Every structure is written in structure tokens, then in C-alpha cells.
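Let's take a walk through this model together, one neighbourhood at a time. Keep the viewer open as you read.

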Amino acid sequence: MIKLFVGLGNPGAEYEDTRHNAGFWWIDALARELNVNLVPDKSYFAKVARTQVKGQTVWLLEPQTFMNLSGKSVGALAKFFKIAPQEILVAHDELDVIPGQAKLKFGGSHAGHNGLRDIHAQLGTGDYWRLRLGIGHPGVKAEVVNWVLKKPMAEQRDLIQESIARSVKAADMLIQGEMEKATVQIHTSKPPRPKPPRPEGV
């Protein structure tokens with residue numbers, strides 16, 4: 001059962017709409033869904049919300065430490081409230097997934113993502129849940145830093161928002177520990193629109 005939902009991003013207005021902040025966008029959407037407000041909390045170096053869902057305490061967390069120190073915030077709250085790594089879900093931008101798709105996975109490596117790398121280090125394990133929000137890849141490794149710190153084009157932003165809206169609907173299942181049902185909800189994107197038939201004789 002997920003007790004702590006974390007969204008990764010960078011604080012500050014200049015980063016707000018960049019691809020690297022997809023995790024923040026997801027937590028903002030979840031906060032609206034659960035009707036809670038995130039407030040700054042210096043103890044956890046983050047914006048934090050706490051609520052009850054079907055009798056269970058649930059935390060929402062947006063680290064304000066900048067991406068590469070995200071674990072400082074996650075570790076502080078998890079340790080204080082004795083939340084186990086497997087009860088944590090981290091929503092983050094994912095280069096290897098196309099915009100419009102989201103993937104739920106448990107454990108594994110940080111794959112070079114600086115936010116996940118620091119969470120691994122602070123928790124002492126990679127055994128926590130990830131929600132990988134597709135932002136696509138620029139196609140060239142040297143362009144990655146530039147890509148994640150840029151705003152997505154309007155069409156891509158819409159696709160990312162669609163994947164966020166769809167995956168936020170799985171929050172109840174995640175909180176209840178119904179991971180298989182949550183996976184189906186998160187992974188099922190709308191089928192592509194069929195192309196109109198070509199006119200005769202073209």
C-alpha cells in the first residue's frame with residue numbers, strides 16, 4: 001500500500017513548465033483529486049500535504065531541494081514517519097517512455113536519473129515504486145540536459161497531461177495496494193485515432 005507519494009522536479013518559476021518537473025505536475029494533479037493543499041515544511045525540505053483516504057494516512061511530497069538532492073527530503077519524511085521504501089511511490093519524468101504514456105514499476109536501477117539516484121542513496125535501496133511519466137527522448141545523448149530543462153511543445157504537453165490525468169485515477173488502487181489494477185489503469189492509453197480512409201483513386 002502506498003503511503004507516501006513523491007513528485008520530482010526543481011523549485012522556482014523558471015523550472016515550473018519544464019519536462020523535468022513532470023513529477024510535480026503529477027503531485028499537483030493528485031492534490032486536486034484528493035482536495036488537499038501542499039504547504040512548505042522546512043523539516044522535510046519540501047512542500048507537503050497530509051490527508052486520510054479510507055482511514056489510511058497518505059502523504060504528498062514535492063522536494064524543494066533541486067532534483068539531485070531529492071532523497072534528502074524523501075528520506076527525512078520516510079524515516080520520521082517510519083514509511084518503508086515499498087510504501088513509497090515516486091513520480092518522475094522518463095526519457096525512455098513517449099509522451100502520453102506512463103509506466104508503473106517497482107525497484108530497479110535509477111538509470112542515471114539524478115532525483116532517483118539520490119533517493120536510492122538516502123533510502124539505501126531501490127525497492128520503491130516509480131511512476132515513469134513519458135517525456136520522450138531528444139534522440140541524442142548530448143541533448144538530454146537541454147531537453148529535460150526545456151518546456152515541451154504544446155502537443156507533447158497535452159499528451160503528458162493526458163497520461164497524468166489517467167494515472168492519477170489509479171491513486172485509490174495504489175493506496176489500497178491493488179497494484180495490478182493500478183497498472184492496468186496507468187498503462188492503458190487511449191488507442192490512436194484511426195486515419196481517415198484515403199479517397200478512391202488517389
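Ala 31 is a good place to begin: its relative accessible area is 5%, so Ala 31 is buried (buried means under 20% relative accessible area, exposed over 50%, and partly exposed in between, with a 1.4 Å probe and protein chains only). Before going further, please note that this is a predicted model, in which local features need pLDDT of at least 70, side-chain atom pairs count only at pLDDT 80 or more, and totals for chains, interfaces and linings use all residues. Residues are numbered from 1 along each chain as its sequence is written, and side-chain values use heavy atoms, with hydrogens and water left out.

Ala 31 sits in helix H1 (helices, H or I of at least four residues, and strands, E of at least two, are DSSP runs numbered from the N terminus). Setting aside neighbours within four places in sequence, Ala 31 has contacts with Val 36, Leu 38 and Leu 60, where contact means heavy atoms within 4.5 Å. From the C-alpha atom of Ala 31 to that of Arg 50, 19 residues away along the chain, the separation is 9.8 Å. A little further on, in the loop between H1 and S2, you will find Asn 35. With 71% relative accessibility, Asn 35 counts as exposed. Its backbone deserves a look too: Asn 35 is not a glycine, yet its phi is positive, at about 60 degrees. Most residues other than glycine have a negative phi.

Now for the aromatic rings. How many aromatic pairs does a search of the whole structure find? The search finds seven. One of them is formed by Phe 5 and Trp 26, a tilted pair with 5.9 Å from centre to centre and 40 degrees between the planes. Here, rings of Phe, Tyr and Trp (its six-membered ring) pair if their centres lie within 6.5 Å; planes under 30 degrees apart count as stacked, over 60 as edge-to-face and the rest as tilted. This pair links distant parts of the chain, with Phe 5 in strand S1 (residues 4-7) and Trp 26 in helix H1 (residues 22-34), 21 residues apart. Both Phe 5 and Trp 26 are buried.

Tyr 44 and Phe 81 also make a tilted aromatic pair, at 6.1 Å centre to centre and with 50 degrees between the planes. Tyr 44 belongs to the loop between strand S2 (39-41) and strand S3 (46-53), and Phe 81 to the loop between helix H2 (70-80) and strand S5 (88-94), so this pair ties together parts that are 37 residues apart in sequence. Are the two partners buried or exposed? Tyr 44 is buried, with a relative accessible area of 9%, while Phe 81 is partly exposed, at 28%. Together with Trp 59 and Phe 80, Tyr 44 and Phe 81 form one aromatic cluster.

Charged side chains meet rings as well. Lys 72 lies over the face of Phe 45, at 4.4 Å from the ring centre, and Arg 19 lies over the face of Trp 147, at 3.5 Å from the ring centre. The criterion is that NZ of Lys or CZ of Arg is within 6 Å of the ring centre and within 35 degrees of the ring normal. Arg 19 and Trp 147 both turn up again around Met 153, which touches them when residues up to four places away in sequence are not counted. Met 153 itself is found in the loop between helix H4 (144-148) and helix H5 (154-168). Its C-alpha atom is 10.0 Å from that of Arg 19, although the two residues are 134 apart along the chain.

Next, turn to helix H3. Its buried residues are Gly 115, Leu 116, Asp 118, Ile 119, His 120 and Leu 123, and they pack against H2, S5 and S7. After H3 comes Gly 124, with a positive phi near 75 degrees. On the other side, the loop between strand S6 (102-106) and H3 holds Ala 111. Ala 111 is another residue other than glycine with a positive phi, near 50 degrees, and at 66% relative accessibility Ala 111 counts as exposed.

Finally, visit the loop between S7 and H4, where Lys 141 lies. Lys 141 is exposed, with a relative accessible area of 75%. Its C-alpha atom and that of Leu 77, 64 residues apart along the chain, are separated by 34 Å.
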